[in-house]
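The exercises below ask you to read helix packing, chain symmetry and local backbone geometry from a multi-chain model. Each task is followed by a solution that proceeds step by step.

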Protein chains: 6
Amino acid sequence: MTNRGGGFSRSGGRSPSDLRPVTIELDAMKFAEGSALIGCGDTRVLCSASIERRVPPFLVGKGQGWLTAEYAMLPRATLTRSRREVSRGRPSGRTAEIQRLIGRSLRSAVNLKKLPEVTIAVDCDVIQADGGTRTASITGAYVALACALAGWADRKTVPERLLKDSVAAVSVGVVDGEAVLDLNAAEDNGAEVDMNFVMTGSGRFVEVQGTAEKQPFSAEQLSRLIGLAQTGIERILEIQQRVLREWRAPS
Amino acid sequence: MTNRGGGFSRSGGRSPSDLRPVTIELDAMKFAEGSALIGCGDTRVLCSASIERRVPPFLVGKGQGWLTAEYAMLPRATLTRSRREVSRGRPSGRTAEIQRLIGRSLRSAVNLKKLPEVTIAVDCDVIQADGGTRTASITGAYVALACALAGWADRKTVPERLLKDSVAAVSVGVVDGEAVLDLNAAEDNGAEVDMNFVMTGSGRFVEVQGTAEKQPFSAEQLSRLIGLAQTGIERILEIQQRVLREWRAPS
Amino acid sequence: MTNRGGGFSRSGGRSPSDLRPVTIELDAMKFAEGSALIGCGDTRVLCSASIERRVPPFLVGKGQGWLTAEYAMLPRATLTRSRREVSRGRPSGRTAEIQRLIGRSLRSAVNLKKLPEVTIAVDCDVIQADGGTRTASITGAYVALACALAGWADRKTVPERLLKDSVAAVSVGVVDGEAVLDLNAAEDNGAEVDMNFVMTGSGRFVEVQGTAEKQPFSAEQLSRLIGLAQTGIERILEIQQRVLREWRAPS
Amino acid sequence: MTNRGGGFSRSGGRSPSDLRPVTIELDAMKFAEGSALIGCGDTRVLCSASIERRVPPFLVGKGQGWLTAEYAMLPRATLTRSRREVSRGRPSGRTAEIQRLIGRSLRSAVNLKKLPEVTIAVDCDVIQADGGTRTASITGAYVALACALAGWADRKTVPERLLKDSVAAVSVGVVDGEAVLDLNAAEDNGAEVDMNFVMTGSGRFVEVQGTAEKQPFSAEQLSRLIGLAQTGIERILEIQQRVLREWRAPS
Amino acid sequence: MTNRGGGFSRSGGRSPSDLRPVTIELDAMKFAEGSALIGCGDTRVLCSASIERRVPPFLVGKGQGWLTAEYAMLPRATLTRSRREVSRGRPSGRTAEIQRLIGRSLRSAVNLKKLPEVTIAVDCDVIQADGGTRTASITGAYVALACALAGWADRKTVPERLLKDSVAAVSVGVVDGEAVLDLNAAEDNGAEVDMNFVMTGSGRFVEVQGTAEKQPFSAEQLSRLIGLAQTGIERILEIQQRVLREWRAPS
Amino acid sequence: MTNRGGGFSRSGGRSPSDLRPVTIELDAMKFAEGSALIGCGDTRVLCSASIERRVPPFLVGKGQGWLTAEYAMLPRATLTRSRREVSRGRPSGRTAEIQRLIGRSLRSAVNLKKLPEVTIAVDCDVIQADGGTRTASITGAYVALACALAGWADRKTVPERLLKDSVAAVSVGVVDGEAVLDLNAAEDNGAEVDMNFVMTGSGRFVEVQGTAEKQPFSAEQLSRLIGLAQTGIERILEIQQRVLREWRAPS
């Protein structure tokens, strides 16, 4: 990425507030209750939602459900191969952090108290990684989750009492001093500030995470990044709804 | 599967010596030196070959290369979700066994002494599992390997001195007393005998693994299974060659 | 905590924008290059900064230094005893997340390129936990770090070229619908929204982490929480500076 | 081993189809329900069968028994000392593979459905390793198992309904182009092909495992190796029966 | 430490049979049922006793209680920073040994059969380490335990039926050929013999552990060390009693 | 064991100061530099000493040698089967403690400074456990070590400069109020006090470890146990010397 003259240029001719193309293919995994293959530019994540007849120990007998999330990358999802986490015996700190983020984000969309004693196990496996894998995971997993609940409850109708709201996520950052939306890996590596936002369909925040990778940021920059994330997520929420409508249509 | 009257019926109307449809999509992963998405019926494995500038300690300074293989299943590749191996801290015995099998099989095709000091890291990640995942992994990984070596050596020509032979694999078994080729998961679960064969393009055996799951088998049955595997692998080897020819054609 | 009439009451008669009393005792550990025992209300964290003559592999020979952070709680720091992490074989996801946060926060204050090839190992051990342990850790660790660098460089003068800025942290949240500063454990458990902020002495953001524990929050609430954090951190930064001035005075 | 002129020479003057001397000492461990110290040439394995009043979770309440097997080598069983597996935290891939092989082989001999809810825990500990430790383990463990079941059921009579068949194993291989039976460690290291066979007393196959260590093998070679294994195992089965007859005699 | 002329000199002007100053601060941890911060010279250990409503599996339903102990050092308790044990995945051999010693010692003081089905979890965390951390842990943990039982049973009166006896510990050793009491770290590093004794208030031995670090010791030396330990422990037992009396007084 | 009238009876008619029969078979493992199978009553331990051309990191380049020890039990060495330690991922606290004891004891006999840069790896594997396995391990390992050093240095002559002294060990205890020598498992389970002593050929103490398993012991009892251990170890030292003399004789 280069910053020539007064302008700013991103690969693919994107403007600072452009998303990369978002594609969502539903029912990407034959056996899962719900699944989706999401693409955000070259980032691709296979998301599934499995409904399991068990709850964690702290919920046994409480008459409600639970949702957990796991995240992993194939070793060669990245530019250079990374070591498989099982070979070092445990998820890295980064993986642990992302799994917790995905889980919290999706739980905010589900009415756990209205579920029976089941656990929805969400799996997000990154097939190809070009930046924004955690936010793509949340966006894709929400759709897989909606399919799983629809199919499981009474075929194709997402029961409102189970799914309180929709949820989507996006990354924003400061690159070469400019606030930009939806960073790819090259932009992410050079970013001064890196933020991830998760928001609901009703326009409220679920998660806000910002890190000054290279230098601290001002209150004004923070405010601009918040605005950028809001408009980006609005567009992603629309794509989710369109895809789910089309999926329901044929039946 | 049922066995009515004198006949024998397999799902999809297969005869005992029929393979399931084999599909191979090359360059399925953008960043890998070589990659392939192989489908054998509903089984789907994403295979990649990464060339890394290092060798294991026992080969440092020996002036040759090495090849390792890793195998994993996505948690929801299967009918019911299985636990991620990283969460139990180490590969299962089954995974260890399969990884060793894939590694040995592919090493038999490569002329390691003619490689420079690099390690070819083969990754086989099962996206969907409907039986025969280890043999599909070997068949798909061979093609990913051939692409990686071709691209790496001098673009699109697989150098003979690096790749001694081709390699493919298939499963056979005894189901309801009958020897059958290429078992799917339902057949595999009910099989009395389960065998995996790995063979070279020159018609020789690399690996033979047979297990009496339900009851021991006779020398005559063993001989019939060997024959079935030979004809199955011949057809798979042809598919591999055709796919590689087409991949090379455009350049 | 209760919410009677139009008002809002916090334990100790705190108003929503009041910090709990902050105490910092320097040189709390005899052997460490720098150390501090920080108290924020009933939360107490023992922080040390150790200077070690080594750098991680990725920095060997690069002529610069590094900083790492580790965080742990004594088993009985909490209301009920929690299991020692060594007995489950690895840090929990929560611990991994906090360690990464502390490390990133402190690295933003240090001029790593101006350090020789040393690693500053920061340890934050929670002796007593009553909410806000991660933010107290950052605030206390910064002071321990400043002492270590002062003592190590040329006795009692914090060299500016090594320490670019100061750093402090605080938690804010939404409790019973009201935005409050510096939550204790009881408030934290009931909070609808929980945020942690890390800022520099020059008034810029290093880390922003917000989570809707119970229900998503609006842009307006987010803005109010940011303001509350800014004023809280300003006061904490002053306490840090005063403590460091007094420590330097006698020599 | 050398290959002079038209002939072929093995250590101890063995012909290609000769077994090494097999010795079996029963009741080698005072406390085990059944035990045997088996020697195959310089290979020595201590095998025990323990009957435990528990079944694995998947069999609880199913009214049947189970059998598991574990395998290990003393660190100095080998020419040079090998590291104890406990110190690397888990069984190696090789150990996992061998344990699974021994377990499957012995389960094929036992009528698990006729056992009460017990687990027979088979332990094979290699005291001295000179090739063929996995096949010696299977052969020895079968005898330990027969003793345990005899002693446990009604003193010295092996109840036919519990033990369906006997089981023994042997290794074969291609060395210097020649098919040979029962390889020692020196032969094994130089072998082009290495196979392990497990067969029942009724002459049927339980396990067939062949690996082209140096070069792939032809269908004709495979057929010769199968024949060699059959005659070898027949002789070993006789030794097992003789030893068990003598053990029963005194009572 | 130096040994000049006929005399012997220890840091702080101690004679060979002098203890370092012992300080015990009760209720050092707000949430624990019982706690104490013990100082022996520069060694400082935070001890807590937590009463948990569970017993280990082997005692379930037996109508009695249990006591376990855990021991750890903060990374920078020592002169140079030591690695956190959680990062190597398990307690070191040294830690395991010390935990077992503390547990056995304290169990000898408690009437486990008279406890209800609870586990007293004792935690000893070394804040600063200057020799004798395991013996200080035992001495301090006993007092924490007495407070926990007093507070738990019926406020401030230690019930005799629960606490059979008191327990304290001390280290002795041979330094420069001379038997000395209560070694600090510098003395310990140079000691020829290192012993730890645990005794009861009634003057009997609970644990005796002696190791010839540099050279074996005679029966006569052993006898002198035993005597030195007896007098040292007597004095420590008195301090424990005084501290407990004062703690009880105000109520 | 029973205690009738004024007398005291031990299994096998032993008096309180009788050892169980001690047998030592040298060269019990074909490949080890030195090895011994020691039997003390029904306790049997296979000990080997391996000489490895490496030293631990802290001794590299120091021009001296080192000695380490490992200890394990076969799962069915005991009355009921115990779980293999590799399956729980690490040595138990008990194992860690015993390994450290054996290592320290043997290091006291070897002149490590006179060794070249080698590590002597001692392995003690308990084949059968009937009490006193750690002391039998030390006694047996010393003989294996002497053989290894003799064979390695200049054939059959134990070089005095390498082996400073001999070392042997025994257990004593208080059973039914009486001090007894060399407890078997049944006695050990019922013992009030359990002690292990390690002594040199020159009559000095290397290790003293005593634990009040059931009730604390008096200074007088301690003195009686010390005497009993001294006479027991003297007899064991003689057996070691006789066995080594006979081993050397033929050559």
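**Exercise 1.** At what angle do helix H1 (residues 93-107) of chain A and helix H1 (residues 93-107) of chain C pack, and how far apart are their axes? Classify the crossing and describe the residues that make it.

*Solution.* Bear in mind throughout that this is a predicted model. Two packed helices are described by the angle between their axes and by the distance between those axes. For H1 of chain A and H1 of chain C the angle is about 110°, and the axes are 8 Å apart. Angles of 65 to 115 degrees count as roughly perpendicular, and H1(A) is therefore roughly perpendicular to H1(C). The handedness of this crossing of H1(A) and H1(C) is left-handed. On the side of H1(A), the contact is made by Gly93(A), Arg94(A), Ala96(A), Glu97(A), Arg100(A) and Arg104(A), and H1(C) contributes Gly93(C), Arg94(C), Ala96(C), Glu97(C), Arg100(C) and Arg104(C). Sorted by character, the residues of the contact of H1(A) with H1(C) comprise 8 charged, 2 polar and 2 nonpolar.

**Exercise 2.** Carry out the analysis for helix H4 (residues 219-248) of chain A and helix H4 (residues 219-248) of chain C: how closely do the axes approach, and at what angle do they cross?

*Solution.* The axes of the H4 helices of chain A and chain C come within 12 Å, and they cross at roughly 160°. Because angles over 145 degrees count as roughly antiparallel, H4(A) is assigned as roughly antiparallel to H4(C). The crossing of H4(A) and H4(C) is right-handed. In this pair, Ala219(A), Leu222(A), Ile226(A) and Gln230(A) of H4(A) meet Ala219(C), Leu222(C), Ile226(C) and Gln230(C) of H4(C). The contact of H4(A) with H4(C) is made up of 6 nonpolar and 2 polar residues, with no charged ones.

**Exercise 3.** By what turn and what shift along the axis can chain A be laid on chain B? Then examine which chains do not touch.

*Solution.* Two copies of a chain are related by a rotation about an axis and a shift along it. Here a turn of 180° with a shift of 0.0 Å along the axis lays chain A on chain B, and the RMSD is 0.0 Å. The two copies are thus related as by a two-fold rotation axis. The interface residues give a further step: 100% of those of chain A are also interface residues in chain B, so the copies meet through the same surface. Other pairs are not in contact, among them chain C and chain D, whose nearest C-alpha atoms are 11 Å apart. Chain B and chain E are likewise joined by no contact, with their closest C-alpha atoms lying 11 Å apart.

**Exercise 4.** Where is Asp176(E) found, and what is its phi near? Treat Asp176(F) and Ile51(E) afterwards.

*Solution.* Asp176(E) is found in the loop between strand S6 (167-175) and strand S7 (178-181) of chain E. Its phi is near 50°, a positive value in a residue other than glycine. With a relative accessible area of 38%, Asp176(E) is partly exposed. In chain F, Asp176(F) lies in the loop between strand S6 (167-175) and strand S7 (178-181), its phi is near 50°, and its relative accessible area of 38% makes Asp176(F) partly exposed. Turning to Ile51(E), this residue is found in strand S3 (residues 43-52) of chain E. Buried means under 20% relative accessible area, and Ile51(E), at 16% relative accessibility, therefore counts as buried. Finally, Ile51(E) and Arg84(E) are 33 residues apart along the chain, and their C-alpha atoms are separated by 26 Å.

Technical notes
Residues are numbered from 1 along each chain as its sequence is written. Chains are lettered from A and ligands numbered from 1 in the order in which they are written. This is a predicted model: local features need pLDDT of at least 70, side-chain atom pairs count only at pLDDT 80 or more; totals for chains, interfaces and linings use all residues. Side-chain values use heavy atoms; hydrogens and water are left out. Contact means heavy atoms within 4.5 Å. Axes are lines fitted to C-alpha atoms, for helices over the stretch in contact, and angles run from 0 to 180 degrees between N-to-C directions. Helices (H or I, at least four residues) and strands (E, at least two) are DSSP runs, numbered from the N terminus. Angles under 35 degrees count as roughly parallel, over 145 as roughly antiparallel, 65 to 115 as roughly perpendicular and the rest as oblique. A crossing is left-handed if the near helix is turned anticlockwise from the far one by less than a right angle, and right-handed if clockwise. Ala, Val, Leu, Ile, Met, Phe, Trp, Tyr, Cys and Pro count as nonpolar, Asp, Glu, Lys and Arg as charged, and the others, Gly among them, as polar. Copies are superposed by least squares on the C-alpha atoms of residues with pLDDT of at least 70 in both. Buried means under 20% relative accessible area, exposed over 50%, partly exposed in between (1.4 Å probe, protein chains only).
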